[in-house]
Amino acid sequence: MTHPLIDRLTTEFSWPKLDNQHDVTEFTSREGVHVLFVPGDPKRNLETADVAVILPEIKQAFQGRFDCAVVGDDIEQKVREETKVLKTPSLIFYREGQMIGGIPRVRDWDEYMARITQILAQNATCEIAEA
């Protein structure tokens, strides 16, 4: 399922779209911190478009501390099940192949800033914000 605001992430911002497990593993295993945007169905979940607009602003606020990719429809369910971040839209954070946290659903700006700061401070443990 596509939406113009999700498409904007891959066209205007040149974020990769990850359509299979190999792509996810390759992207998340690189050095540094990586965020997977798991959009869900934008027709059923109006929060999806909101997160698609907010995420580039979050990335800019953290000044290059992580990069981002969009999870494609074909692999989305598998990513959600593997990470236990089941609600969408969601942001799932990885450091060098290890999941370090997840934020399901849309949040207010201050909560994003606080939660992401906590997640980035994580080492190998994983933290998922409650829905």
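**Core**

I started with the largest nonpolar core of this predicted model. It has 24 residues, and I wanted the ones that touch the most other members: they are Phe37, Ile58, Phe66, Leu91, Phe93, Tyr112 and Ile116. Next I looked up which elements give two or more residues to this core. On the helix side I noted H1 (4–11), H3 (47–61) and H5 (109–121). The strands on that list are E2 (33–38), E3 (67–71), E4 (90–95) and E5 (98–104).

There is also a second, separate core, with 13 residues. I jotted down Leu18, Val24, Phe27 and Val38 as being among them.

**Ile116 and Ile103**

I picked Ile116 and skipped its neighbours within four places in sequence. What is left in contact with Ile116 is Ile58, Phe62, Phe66, Phe93 and Ile103. I then went to Ile103, which sits in strand E5. Is Ile103 buried or exposed? Its relative accessibility is 1%, and the cut-off for buried is under 20%, so I put it down as buried. I also took a C-alpha distance from Ile103 to Gln118: 11 Å, with their positions 15 residues apart along the chain.

**H3 against H5**

I looked at how H3 and H5 pack and got an angle of about 50°, with the axes 11 Å apart. That angle makes H3 oblique to H5. The crossing of this pair is right-handed. For the contact, I listed Val51, Ile54, Glu57, Ile58 and Ala61 on the H3 side. From H5, the contact uses Trp109, Tyr112, Met113 and Ile116. Ile58, Tyr112 and Ile116 are familiar from the core entry, where they are listed among the residues touching the most other members.

**H1 against H3**

I ran the same look-up on H1 and H3. Their axes come within 8 Å and cross at roughly 30°. Angles under 35 degrees count as roughly parallel, so that is how I describe H1 and H3. H1 passes H3 in a left-handed crossing. The residues that meet are Leu5, Ile6, Arg8 and Leu9 from H1, and Thr48, Ala49, Ala52, Val53 and Pro56 from H3.

I followed up on Thr48, a residue of helix H3. With 0% relative accessibility, Thr48 counts as buried. Its C-alpha is 8.4 Å from that of Ile6, although the two residues are 42 apart in sequence. Setting aside neighbours within four places in sequence, I find Thr48 in contact with Ile6, Phe37, Pro39, Gly40, Asp41, Pro42 and Pro89.

**H4 and its buried side**

Which residues of helix H4 (residues 73–83) are buried? I get Ile75, Glu76, Val79, Arg80 and Thr83. I checked how they are spread around the axis: they cover an arc of only 145°, which puts them on the same side of H4. The spacing reminded me of a textbook point: an α-helix has 3.6 residues a turn, so residues three or four places apart point the same way. Just after H4, I noted that Lys84 takes a positive phi of about 65°.

**The loop between H4 and E4**

I went on to Thr88, which is in the loop between H4 and E4. Thr88 has a relative accessible area of 14%, so it is buried. Which residues is Thr88 in contact with, leaving aside its neighbours within four places in sequence? I wrote down Val38, Pro39, Gly40, Asn45, Glu76, Arg80 and Arg105. Of those, Glu76 and Arg80 are on my list of buried H4 residues.

I checked omega here too. The peptide bond from Thr88 to Pro89 is cis, with omega near -5°. Pro89 is in the loop between H4 and E4, and it turned up earlier as a contact of Thr48.

**Positive phi elsewhere**

I looked up two more non-glycine residues with positive phi. Glu96 has a phi of about 45° and lies in the loop between E4 and E5. At 43% relative accessibility, I class Glu96 as partly exposed. Arg105 has a phi of about 70° and lies in the loop between E5 and H5. Its relative accessible area is 33%, so Arg105 is partly exposed as well. I had already met Arg105 as a contact of Thr88.

Key:
Residues are numbered from 1 along each chain as its sequence is written. This is a predicted model: local features need pLDDT of at least 70, side-chain atom pairs count only at pLDDT 80 or more; totals for chains, interfaces and linings use all residues. Side-chain values use heavy atoms; hydrogens and water are left out. A nonpolar core is a set of buried Ala, Val, Leu, Ile, Met, Phe, Trp, Tyr and Cys residues joined through side-chain atoms within 4.5 Å. Buried means under 20% relative accessible area, exposed over 50%, partly exposed in between (1.4 Å probe, protein chains only). Helices (H or I, at least four residues) and strands (E, at least two) are DSSP runs, numbered from the N terminus. Contact means heavy atoms within 4.5 Å. The arc is that of the directions from the helix axis to the C-beta atoms. Axes are lines fitted to C-alpha atoms, for helices over the stretch in contact, and angles run from 0 to 180 degrees between N-to-C directions. Angles under 35 degrees count as roughly parallel, over 145 as roughly antiparallel, 65 to 115 as roughly perpendicular and the rest as oblique. A crossing is left-handed if the near helix is turned anticlockwise from the far one by less than a right angle, and right-handed if clockwise.
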